[in-house]
Amino acid sequence: MNIRKQILGCLFLTVFLSGCWDEQLLKDVALINSQAFDLDSDHGLIQMTIAVVSGNSNEKIPTTTTIIAAEGNSVRDARTELDKKIGSELFASKNQVTLFSKKLAKKDIYAVLDGNYRSPLSALTARLAVVEEQAGEALHVQTENKPLISDYLQDVLMSAEETGSIPVVSLQNTLSVLYDNDQDLILPTVEVLENHSGIKLTGSALFNGRRMTGEINSDETIMLLLLDGSANGEHRMTKKVHSMGYDDLYDFITVDVEKLDRNFTLTKNDQGQFEAQIDLILKLDANEYPADHLYKESIVKKVNTELSEQFTKQANEVLKKIQEANCDYLAIGRQVRAFYYEDWQQLDWNEAYPTIKFKANVTAEIIYHGIIN
């Protein structure tokens, strides 16, 4: 009897259960796997290029990519034009990569990203990058080992993140920086190789607020990440430490950063000017060194001294470049606000930041040199 009552009770309750009110069937929508944005400065239009993955009904995994482009007065307007070409509603919930042309990045990237942030269906883990020329061209790259362009682009960026060559930049963490007055953004830059055979990382775009204001190369990007205290990846670097004379191949050493100790100091001098100093100690693994003899203390000391001098010089050059671009990637403004709040209230940080006296000092210490010797 109790069982009958339980069954009847369950059947009665099913009357009040609702279905999925926001259900979207895959057959009714087109999923964007990557997107690129360019600026038509002559007509003031946004060109949006997307990669839509497709396959036949017998395939469990899609194997082809369809590239479609359209122009509009805004991103949403361009999306509407794309809808007309595809014949189904576009969704960015599976988007893996978002690309901007350098021309567009120098104007404003938030205007392009606004629609992505407002939609609850946006893929917040999508990676971002700036393309040297036309961003849409990057979606036309053909690679044999990665037939789907979205997978290829994502793998290139995520692989560089894992090795510490570029910062981890996604749609989600970019928003917080764009709205943060105490810190600025950097995005990886890429170029399309000849004959559309692939893409290559070239460095990083420096931003002041929502606009690109400068750039640094790949080696400088690694140094900037170290100055920020990044412990992600090995941060591999190659430097010339000798001039043997008989073979240039013996002049270089390649090192990985095994451990990093960072000390940041912010002070105010007698003239009321802020001074920032970053001291780094890099514990290194000699990944490649054909000249050898790293078992000798005198050789290790000499190489350490040469690396320390080169790293210190490069670090100060990088600090100069981010200041010239007015890019506060190291969040100095946050430190000023935290420890000198009364001064912070009186400052126009955009004007004050380039006047700060920066100084970096890097000490290199080789602690591993492989199994040789």
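This report describes aromatic pairs, nonpolar cores, one loop and two strands in a predicted model.

## Aromatic pairs

A search across the whole structure finds seven aromatic pairs. In one of them, the ring centres of Phe37 and Phe100 lie 6.4 Å apart with their planes at 25°, and because planes under 30 degrees apart count as stacked, the pair is stacked. This pair links distant parts of the chain, since Phe37 belongs to strand E1 (residues 29-40) and Phe100 to strand E5 (residues 97-101), 63 residues apart. Phe37 is buried, with a relative accessible area of 0%, and Phe100 also counts as buried, at 0% relative accessibility.

Another stacked pair is formed by Tyr110 and Tyr117, whose ring centres are 6.2 Å apart and whose planes meet at 20°. Tyr110 has a relative accessible area of 11% and is therefore buried, while Tyr117, with a relative accessible area of 16%, is buried as well. Tyr110 has a charged neighbour, for Arg210 lies over the face of its ring at 4.3 Å from the ring centre. Arg210 also lies over the face of Tyr179, in this case at 5.4 Å from the ring centre. Elsewhere in the chain, ring pairs join Trp344, Trp349, Tyr353 and Phe358 into a cluster.

## Two nonpolar cores

The largest nonpolar core has 51 residues, and among these Leu227, Leu307, Phe311 and Ile332 touch the most other members. Two or more residues of this core are given by each of helix H7, strand E11 (252-268), strand E12 (274-288), helix H8 (297-324), helix H9 (332-339), helix H11 (349-352) and strand E13 (357-368). Helix H8 gives the largest share, which is eight residues. Once its neighbours within four places in sequence are left aside, Leu227 is in contact with Arg262, Ile278, Leu280, Ala315, Val318, Leu319, Leu330 and Ala360.

A second core, separate from the one just described, has 33 residues, and Ala30, Ile32, Ile50 and Leu185 are included in it. Three of these names return in the surroundings of Leu90, a residue placed in strand E4 (residues 89-91). When neighbours within four places in sequence are left aside, Leu90 is in contact with Ala30, Ile32 and Ile50, and also with Arg79, Leu82 and Asp83. Leu90 has a relative accessible area of 4%, so this residue is buried. Its C-alpha atom is separated by 6.0 Å from that of Leu31, although the two residues are 59 residues apart along the chain.

## The loop between H7 and E10

Ser230 is found in the loop that runs between helix H7 (218-227) and strand E10 (237-240). A polar atom of the Ser230 side chain lies 3.4 Å from the backbone nitrogen of Asn232. Apart from its neighbours within four places in sequence, Ser230 is in contact with Leu225, His235 and Leu260.

His235, one of these contacts of Ser230, lies in the loop between H7 and E10 too. With a relative accessible area of 1%, His235 is buried.

## Two histidines with positive phi

Most residues other than glycine have a negative phi. His235 nevertheless has a positive phi of about 50°, although it is not a glycine. His196 likewise has a positive phi, with a value near 55°. The place of His196 is in the loop between strand E7 (186-192) and strand E8 (199-208). Whereas His235 is buried, His196 is partly exposed, with a relative accessible area of 28%.

## Strand E10 and its partner

In a regular strand the side chains alternate between the two faces of the sheet. For E10, Met237 and Lys239 make up a covered face, while Thr238 and Lys240 make up an uncovered one. E10 pairs with E11 in the antiparallel sense, over four bridges. Within this pairing, Met237 of the covered face stands opposite Val255 in E11. Strand E11 is also one of the elements that give two or more residues to the largest nonpolar core.

Conventions
Residues are numbered from 1 along each chain as its sequence is written. This is a predicted model: local features need pLDDT of at least 70, side-chain atom pairs count only at pLDDT 80 or more; totals for chains, interfaces and linings use all residues. Side-chain values use heavy atoms; hydrogens and water are left out. Rings of Phe, Tyr and Trp (its six-membered ring) pair if their centres lie within 6.5 Å; planes under 30 degrees apart count as stacked, over 60 as edge-to-face and the rest as tilted. Buried means under 20% relative accessible area, exposed over 50%, partly exposed in between (1.4 Å probe, protein chains only). A charge sits over a ring if NZ of Lys or CZ of Arg is within 6 Å of the ring centre and within 35 degrees of the ring normal. A polar contact is a pair of N or O atoms within 3.5 Å; within protein, one must be able to donate a hydrogen and the other to accept it, and residues adjacent in sequence count only if both atoms are side-chain atoms. Contact means heavy atoms within 4.5 Å. A nonpolar core is a set of buried Ala, Val, Leu, Ile, Met, Phe, Trp, Tyr and Cys residues joined through side-chain atoms within 4.5 Å. Two strands pair if DSSP finds at least two bridges between them.
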